[in-house]
Amino acid sequence: MKIDKKRFFSILGVILITLVLVVVNLEKVQSSVDAIYYYISHNFSWLFILANIAALLFSAFMIFGPYAKVKLGGEKAQKEYSNFSWISMIFTTSCSAGLIVFGFIESIIYAASGPFQVESLSIEAYETAQMYSHYHWGINAWALYVPITIAIGYMIYNRKEKDISMSMACKPVLKEKQKGFIGVVMDIIGTFGAIVAPVTSMGLGMPLLTILLQNIFNISNQYVPALQIGILVLWVLLFGTSVYFGLKKGIKNLSNANVIMAFAFMIFVGLLAGGFTLFKAEINTLGMYISNFVRMVTYTDPYGSGDFVSSWTVWYWAWLIVYMPLMGIFNARISKGRSLREITIAQVLGCSVGCWIAMMTLGNYAISLQQSGAVDIANILATQGQPQAILAIIGSMPFPKIMMIIVAILCFVFMATTVDSSSFVAAEATMKHNSTDDVSPRWSRILWASISCLITFVLLQIGGFNAVQVLAILIGFPLAILMFIVIASALKALKEDYGKKERLKKASEE
């Protein structure tokens with residue numbers, strides 16, 4: 001297996017240029033990308049919403065349409081992973097530490113300043129907030145990864161394409177252009193997104209992890225830089241080991257452990273919130289979710305400020321679409337032997353339920369604290385920020401130090417599994433494969449994992465996480481456009497292959 005020089009060195013160049021620009025003039029980069037993102041989020045919110053609707057309709061077609069029983073790899077292809085391990089790897093790759101961070105505080109943020117001009121921190125505001133947290137972490141979110149997973153998986157396992165990339169997924173539409181300039185640009189954008197997306201999540205997870213460790217070990221602020229470097233070193237050791245062992249031993253086992261720990265913690269928090277109260281609240285939330293589904297999917301706030309839509313719904317779709325190349329390549333690689341219906345249901349329903357459990361347990365516990373007055377989470381969010389608000393929530397639990405340790409471990413392992421998968425995908429996308437079963441060499445995976453850590457280290461030193469977060473989300477704009485090409489390519493390939501088979505079958509029967 002050889003390096004794909006055009007893609008490998010182009011992506012390294014883009015990363016290097018981005019880091020240099022951020023390091024040399026952080027303020028200018030920050031203001032520029034903020035201005036561009038504001039313009040896109042307010043003027044092109046409809047594009048992200050349409051891309052989301054398109055992915056949702058495609059997912060429904062994969063479940064109920066004529067290609068639902070088509071298997072990646074053909075009828076005789078065997079599954080490589082158990083259902084639990086398979087879904088665990090999909091779930092932990094995308095969620096990262098963001099699930100813990102937003103699980104605790106998203107409902108309070110929305111209740112304080114949410115959609116539909118609802119009165120702040122009213123009963124209706126809490127109900128609407130829980131509904132919207134389920135929306136942003138539910139079916140619509142996970143549907144964004146279905147088209148690319150199926151497009152890439154079908155091309156490598158059914159059409160036996162050797163390249164594993166965004167452009168290859170679009171080959172049925174692009175044809176020969178896939179090998180040219182357009183294809184290379186698509187792959188640079190996709191792979192850059194796959195590498196930087198986990199870094200954006202570190203921007204959410206690192207501040208929380210840092211403040212938790214400070215409180216656990218009584219570390220003063222002057223030692224924070226050393227603490228964060230220590231965290232990075234441990235990350236390198238953990239996911240370096242996992243990446244070295246590969247998918248079947250490393251990433252699979254880490255993902256399994258991650259899911260078991262996360263849901264055990266969520267169940268515990270749910271019991272603190274009150275089991276019966278929790279289920280009553282969740283029934284209400286799901287009822288509101290179903291009855292308001294179309295409104296949320298199409299909500300653009302045309303006669304209002306549009307701030308909630310641009311700051312949250314569009315932000316979420318842009319952020320998650322950045323994960324699209326990462327999730328597409330990774331999910332396709334682990335889904336051989338699975339039917340298109342099975343792949344879609346696992347992502348759209350299975351992973352959504354996992355996120356809803358987090359929003360149900362962590363979110364309702366936070367709401368109970370806010371309503372009772374035990375902790376004024378909304379005020380802490382407004383005056384001190386997200387990490388301090390989460391710390392206050394955890395501090396209200398029994399055995400707070402133990403709870404801090406558990407949350408710190410969860411954040412740490414969630415990030416490790418995401419970077420694991422990111423480095424695997426970057427390696428796959430920058431190598432020339434000899435066959436569809438070839439897996440990128442270990443040195444390549446460790447290289448990209450190390451590059452992710454290097455990026456994180458540089459950003460920690462200069463405080464450039466926000467700039468790169470917004471810059472990465474800007475990649476969601478071209479990827480939202482590519483969503484439609486990916487969908488068209490997947491449908492075209494399926495129609496060409498299975499439409500022809502059906503015609504031949506009917507002809508032979510006649």
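This tour walks through charged side chains, stop by stop. The model is predicted.

**Stop 1: a patch of positive charge**

Select Lys2, Lys5, Lys6 and Lys432. These four lysines gather on the surface in a patch of positive charge. Now keep Lys6 alone. Lys6 belongs to helix H1, which covers residues 5–24. Is Lys6 buried or exposed? Neither label fits: its relative accessibility is 46%, so Lys6 counts as partly exposed.

**Stop 2: a bridge between distant parts of the chain**

Turn to paired charges. Side chains of opposite charge can pair when their charged atoms come close. How many salt bridges does the structure hold? There are nine. Begin with Lys79 and Glu342. Their side chains meet in a salt bridge, at 3.1 Å from N to O. Zoom out to see what the pair links. Lys79 sits in the loop between helix H3 (45–64) and helix H4 (83–95). Glu342 sits in helix H17, residues 340–372. The two are 263 residues apart, so this pair links distant parts of the chain. Colour both by accessibility. Lys79 has a relative accessible area of 44% and is partly exposed. Glu342, at 22% relative accessibility, also counts as partly exposed.

**Stop 3: from a loop to helix H23**

Select Arg159 and Asp497 next. Here too the side chains meet in a salt bridge, with 3.1 Å from N to O. Arg159 lies in the loop between helix H8 (146–157) and helix H9 (166–169). Asp497 lies in helix H23, residues 476–509. The pair therefore ties together parts that are 338 residues apart in sequence. Check the exposure of each partner. Arg159 is partly exposed at 27% relative accessibility. Asp497 is partly exposed at 22%.

**Stop 4: a bridge within helix H23**

Stay on helix H23 and add Lys492 and Glu496. These two form a salt bridge, and their closest N and O atoms are 2.5 Å apart. Both residues lie in helix H23, four residues apart, or about one turn of the helix. Lys492 is partly exposed, with a relative accessible area of 29%. Glu496 is partly exposed as well, at 35%.

**Stop 5: the network**

Which residues do shared salt-bridge partners join into one network? Show Arg159, Lys492, Glu496 and Asp497 together: salt bridges that share partners join these four into one network. Follow it from the loop that holds Arg159 to Lys492 and Glu496 in helix H23.

Notes:
Residues are numbered from 1 along each chain as its sequence is written. This is a predicted model: local features need pLDDT of at least 70, side-chain atom pairs count only at pLDDT 80 or more; totals for chains, interfaces and linings use all residues. Side-chain values use heavy atoms; hydrogens and water are left out. Patches are made of residues with over 30% relative accessible area and no salt bridge: like charges are joined within 9 Å, nonpolar side chains (Val, Leu, Ile, Met, Phe, Trp, Tyr) within 5 Å. Accessible areas come from the Shrake-Rupley method with a 1.4 Å probe; for residues, only the protein chains shown count as cover. Lys and Arg count as positive and Asp and Glu as negative; His and the chain ends are not counted. The place of a charge is taken as NZ of Lys, CZ of Arg, CG of Asp or CD of Glu. Buried means under 20% relative accessible area, exposed over 50%, partly exposed in between (1.4 Å probe, protein chains only).
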